[in-house]
Amino acid sequence: MLKPGLNLQLGQTLTMTPQLQQAIRLLQLSTLELQAEIQQALESNPMLEQVEDEGEEAPPERPEEGGERVDGDRMQSDTAGDDVIPEELSTDSRWDDIYEPAPSPRGLDDRDPLENTSDGEDEGLQDHLLWQLHLSHLTPRDQRIGAALIDAISPDGYLDGDLEALAEMISQGEDEPVGVDEVEAVLHWIQQCDPLGVGARDLRECLEIQLRHLAPDAPARDAARAILENGMESLAKRDYRALQRQSGVRDPDELARALDLIRTLNPRPGAQISESTSEYVVPDVYVRHDRDGWRVDLNPEIAPRIRINDLYAGMVRQVSDARDSAFMRDQLQEARWFLKSLHSRNDTLLRVAQAIVERQQGFLEHGEVAMQPLILRDIAEALEMHESTISRVTTQKYMHTPRGVFEFKYFFSSHVGTADGGECSATAIRAMIRELIGGETPNKPLSDAKLAQILSDRGINVARRTVAKYREAMHIPSSSERRQMASMPSGTKQKGA
C-alpha cells in the first residue's frame, strides 16, 4: 500500500511572460492593426503621448523630478535609487539614429483626394433592391414575397434556392398559401430592377436578361441570344465549330460579333453594388537601389511616433498616496514595455526584409524569371530565429519595390530540381511558361508535354502534370483551346470566350 509523501523535483519549463506575449502579438499585426493598437495604447495609458510635430523638440530634462522621455524608440531615464523602474527595459536610441527615413516614391501620394471616401454607410445589394421594392406599386403581399426573394439573393446577384422551397417558406407568414406562380411573377419584376441580371437562377438566365434589355436592332443581338439558348456548353469549352452548329450562326464574322457582345455583359451583376470599400496597401518597407546596391528602409509613416509623457513620468516619485503611486508605476512600466516591443517589432521586420532582398536581387533586377527558391527555414536559419517568428513577420507585411508592392510571402515559393543539382522556384517556372506561351505560333500552340520538354532542355526537371497545374493556376487555356481560338476571326481569338 502506497503512503502519501512529498517529493522535491527540479525541472525546466518555458514560460510566456506578458512582455513576450505582447511582443509576439505586435509582431503579427498588420500596419492598420498596429496603428489601431498604438491608438488604443495612447488612449488607455496616460504615460504615453504622441509626437505631433516631426520637428517638435522634447521638453527640457528635469532630473530632480525623475523626468523620462521617449522620442520614437528613444527613452532616457534620470531617476536613481532602488525604487525606480529597472533600467534593462529602456532603449537608449532614437528612431532616426536606427532607421533612416526612406524617400517617398514619386507619385505615391498623387491620388485623387475624393477617391475611396466613405461615410461608413455604404449600401449593399439587398438594401439597393429593397429601396426599389418599396418604391414600387406592388401589393403588400407581393412586396413581402419580394422581400423574401431579395433576402435569398447572393452577393453576386443570383437567387439561391428553388422557387418551390421559397414559396413554402414564404407561406409560413401568410394567411393564404403562396403559389409558385406568384413567387415567379415577383421574381420577374425583381429581374427588371437595377442592376440588370440580378435575381437570375443561373448564368444563362442572367445574360439573357441583359440581352433582352438591349435595343432590338442592336448588332448581333439575335445571334447572341441563339448562342446563349443553344450553345452554352460549347461556349464554356470554347468549341467554336460546335457553337456554330448548335446556334445556327454559320457566318464567322457574325459569330465573332455575337461573342463580343456577350463579353460586354456582366456575369456577376450583384458585384456592382458592394458593401466593401477599397483598401490601400501601406508598404512596411521601401526597397530602392543606390550606388551601394539594394537598400531597405522602414516606412516611417506606418505608425505614429510616441514617447513617454515627461510630465506624468516626473510625478511617479512625487505622488504621496501609495495606491496612486503604484498605479502610475504600473502604467509607466507598461509604457516602457510597449515601446520596447515596438522597437523589437520594427527591428525584426527590417532584418527579415533585408534578408529577403539579399536573396531575391535577381527578381528585383530581372523579374519573375529570376526568382530564387526560398522557404521560411532559409530566413530563419540566416537570422537565427524560429520559423514561426518569420511566418508572423511575413504575413500581411508589404514591400514597396521598383517592380511594385508585394507581400513578404510573395518571395517564398516551392521549388523543383534542376539538371545540375540546383533548384528553381515555382514562381520562375510559371513566368517561363507564360513567356513560352506568349511567344508560340498561334496555329501551333505548345502542349503541356512540349513545354515540359523545353524546360527540361533548359535544365529544369518538371513533369507534364506540373506544367498543366501551373498553366491552369495562371488561367491559361490548354493548347487545344488556344488552337481553336486562333482559328476564329481576330476579334474572337484575341479575347477568348
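Helices (H or I, at least four residues) and strands (E, at least two) are DSSP runs, numbered from the N terminus, and two strands pair if DSSP finds at least two bridges between them. With that in hand, start at a simple spot: E4 runs into E5 through a hairpin of two residues.

A word on what you're looking at. This is a predicted model, where local features need pLDDT of at least 70 and side-chain atom pairs count only at pLDDT 80 or more, while totals for chains, interfaces and linings use all residues. Residues are numbered from 1 along each chain as its sequence is written, and side-chain values use heavy atoms, with hydrogens and water left out.

Now the overall picture. The protein chain has 22 helices and ten strands. Of its 497 residues, 43% count as buried, meaning under 20% relative accessible area (exposed is over 50%, partly exposed is in between; 1.4 Å probe, protein chains only). The accessible surface of the protein chain is about 28100 Å², and carbon and sulfur atoms hold 47% of that; such areas come from the Shrake-Rupley method with a 1.4 Å probe, and for residues only the protein chains shown count as cover. Contact means heavy atoms within 4.5 Å, and among contacts in the protein chain with a separation of 6 or more, 65% are between residues 24 or more positions apart.

Back to the hairpin and its surroundings. Strand E4 (residues 285-290) pairs with E5 in the antiparallel sense over six bridges; Val285, for instance, has Leu298 as its bridge partner in E5. In general, strands of a sheet pair through backbone hydrogen bonds, either parallel or antiparallel. Step out further and you find an open sheet of four strands in the order E5-E4-E7-E8, with mixed pairing. E5 (293-298) and E8 are at the edges with a single partner strand each, so one side of each has no neighbour in the sheet. From one strand to the next, the twist averages 25°.

Is that edge strand E5 enclosed or open? Five of the six residues of E5 are buried, so the rest of the structure largely encloses it. Helix H14 (residues 322-359) packs on the sheet, touching E4, E5 and strand E7 (398-401), and its direction makes about 160° with that of E5. Axes here are lines fitted to C-alpha atoms, for helices over the stretch in contact, and angles run from 0 to 180 degrees between N-to-C directions.

At the other edge, follow the aromatics. The structure holds six aromatic pairs; rings of Phe, Tyr and Trp (its six-membered ring) pair if their centres lie within 6.5 Å, with planes under 30 degrees apart counting as stacked, over 60 as edge-to-face and the rest as tilted. Phe363 and Phe406 have ring centres 5.4 Å apart and planes at 80°, so they are edge-to-face. Phe363 lies in helix H15 (residues 361-366) and Phe406 in strand E8 (residues 404-407), so the pair ties together parts 43 residues apart in sequence. Both Phe363 and Phe406 are buried. Phe363 also pairs edge-to-face with Phe411, at 5.6 Å centre to centre and 80° between the planes. Phe363, Phe406, Tyr410 and Phe411 form one aromatic cluster.
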